[in-house]
Amino acid sequence: MAAPTPKPNVIFILSDDQRYDSLSLTGNPVTQTPHIDRLAKQGVFFKNAFVTSPICGPSRANLFTAQWERTNRVGFTSVSKNFVSEKAFGNSFLMQLKEAGYSTAFIGKHHTKIADRSNTQLKQNIDFCYYGEGHLGFHPADKKKTFSNLTNKSQIEGLFEAFEAYLKPGDDSFYENAHASIKKQLKPRDPNKPFCAWINFNLPHQASLGGMGTRPGDPKFYSTLYQGEQNKFAMPAGYPGNLSLPKDVITREEQPGYYRFSEASLKRSLLKTSRAVYGIDQFVGNLRAVLEKLGLAENTIIVFFSDNGLLYGEHGLGGKTMLYEESVHVPLIVYSPHLAAENRGSQRAELVVGQDIPATLLEMCGLSIPETYQGQSMVPLLGNKKVGWREDIFLENLFTDQGYPRQDAVRGERFKYIRYYSKENDRNKYLPDGIEGEQPIYEELFDLANDPKEQRNLANNPEYETVLKKHRARCKQLKQELSPK
């Protein structure tokens, strides 16, 4: 009788504010990402992967729950005051795998509350729970006592050190030097179990770029790489005077100062961002090398994703939460050593979302998918064949701070429809059901096939009236379907 096939290990890498076009694979004119590109060439790359709530906390809550924000109602905790429930956390892919006998790790940035303000469920149930809430900074130990035991002070290298300590048996110094407040929540990997590690960066987020490469121990590329190549970054036409939205929707002045760039400061920020993305790429290369060294590579799934994109002056704006492609379109790679050879390196064009990742991982590990999940397993798409799939996705922004308007949208294979609501009575309120009787104050319709940068609003073009009405109706339908029953 043949021995049972061992359960695959799982590593989920989540970067922060990393746009779709941040990779050499996706045409970045400066940044080189050979290790991420190699992962894609050996796995499956999803060309049309999206986050449906493009801002840190809500996007991460959507990943924990495998639901749209309109359903889970977690939102950005500072506004909503809501947490991922104990039941929803129990249904998360991390906990489902733990219950199936996996060793589990949660490492890096954490930006949504689990069950209570202290994240008790996370700390008590995840074997290796090594995180900092909110922004970590480029040198995390400066802000978070959690990271005081790291010998590598820069964020990406420090988080690799933590992951390696979890992965390698017998490396006791990391645990011995851990801060007293977290020692009880740090258990090394049990080599007799499969493992699942969720690794969260706070880069290339703007909040972690400060201080990059300024200390003697920082890898040299953080201060020298791509120097002199800033002019290769293309500026949006007319920036910074290219605001495309009416003033009652948003103004440039309403945005936080760190998202209001001059051309020179934007190029400096893009240079730092490129260095950070290169650092993440090095992490991926080092991670795969240590898996090989420990004999784990032949049975470890790796998924690479970003919590949202970022506007770099497009539409006259910086930041995220807006439902334009720069905010919602992100890279997604699913790699498995068990993929059939003919499927490696394939690129899928189906519309997929972050909420699909939990279902995908559970199916790849042979587990059933909780009924509460709204995402779909992408396993059928990992084969190089045509399968039935969704034709559009619902996008939303319910964050009502920092000048951002509430929005919802439908993004189809060709057209995108966005509608905006008045900010007059909603500031810092959490309104997933909206305000009774309200109508949008502005609408946009874009033909993405002919206008991928969303520069020509067709909402008032009579030739597209039928398309507009269809998308209005579809937006209403999806909004109803995704709201709690």
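The following legends describe close-up views of a predicted model of one protein chain.

**Figure 1. Overall view of the protein chain, with its 14 helices and 15 strands.** The C-alpha atoms of the protein chain fill a box of roughly 70 × 55 × 45 Å along the principal axes. For 485 residues, a compact globule would have a radius of gyration near 23 Å, and the 22 Å of the protein chain agrees with this. Of the 485 residues, 62% count as buried. The protein chain exposes about 19,100 Å², and carbon and sulfur atoms supply 48% of that area. Among contacts between residues at least 6 apart in sequence, 71% join residues at least 24 apart. The chain carries 60 positive and 55 negative charges, and the mean positions of these two groups are 2 Å apart.

**Figure 2. Close-up of cysteines 129, 196 and 365.** A disulfide is a covalent bond between the sulfur atoms of two cysteines. The count in this model comes to 0 disulfides. Cysteine 129 is in no disulfide, and the nearest cysteine sulfur, that of cysteine 196, is 13 Å away. For cysteine 196, the closest cysteine sulfur belongs to cysteine 365, at 7.2 Å, which is too far for a bond. The cut-off for a disulfide is a pair of cysteine sulfur atoms within 2.5 Å. Cysteine 129 is buried, with a relative accessible area of 0%. Cysteine 196 also counts as buried, at 0% relative accessibility.

**Figure 3. Close-up of helix H2, residues 56-65, and of alanine 66 just after H2.** Helix H2 is mostly covered, with 10 of its 10 residues buried. Among these buried residues are Cys56, Arg60, Asn62 and Phe64. Alanine 66 lies in the loop between H2 and helix H3, which covers residues 69-72. The phi angle of alanine 66 is near 60 degrees, a positive value in a residue other than glycine. At 0% relative accessibility, alanine 66 counts as buried.

**Figure 4. Close-up of aspartate 17, a residue in the loop between strand S1 (9-15) and helix H1 (34-42).** The phi angle of aspartate 17 is near 65 degrees, a positive value in a residue other than glycine. The relative accessible area of aspartate 17 is 1%, so this residue is buried.

**Figure 5. Close-up of valine 334 in strand S9, residues 329-335.** Valine 334 is buried, with a relative accessible area of 1%. Leaving aside residues up to four places away in sequence, valine 334 touches Gly43, Val44, Phe46, Ile302, Val303, Leu339, Met364, Met378 and Leu382. Phenylalanine 46 is 288 residues apart from valine 334 in sequence, and the two are 8.2 Å apart in space, C-alpha to C-alpha.

**Figure 6. Close-up of the cis peptide bond between leucine 203 and proline 204.** The omega angle of this bond is about 5 degrees. Proline 204 is found in the loop between strand S5 (195-200) and helix H10 (221-224).

**Figure 7. Close-up of the cis peptide bond between tyrosine 239 and proline 240.** The omega angle at this bond is about 5 degrees. Proline 240 is found in the loop between H10 and helix H11, which covers residues 263-293.

Key: Residues numbered from 1 in each chain as written. Predicted model: local features only at pLDDT ≥ 70, side-chain atom pairs only at ≥ 80, totals over all residues. Heavy atoms only, no water. Buried < 20%, exposed > 50% of the residue type's maximum accessible area, 1.4 Å probe, protein only. Helix = DSSP H or I, 4+ residues; strand = E, 2+ residues; numbered from the N terminus. Rg over C-alpha atoms; globule rule 2.2 N^0.38 Å. Contact = heavy atoms within 4.5 Å. Areas by Shrake-Rupley, 256 points an atom, 1.4 Å probe, with all protein chains shown as cover. Lys, Arg positive; Asp, Glu negative; His and termini not counted. Charge placed at Lys NZ, Arg CZ, Asp CG, Glu CD.
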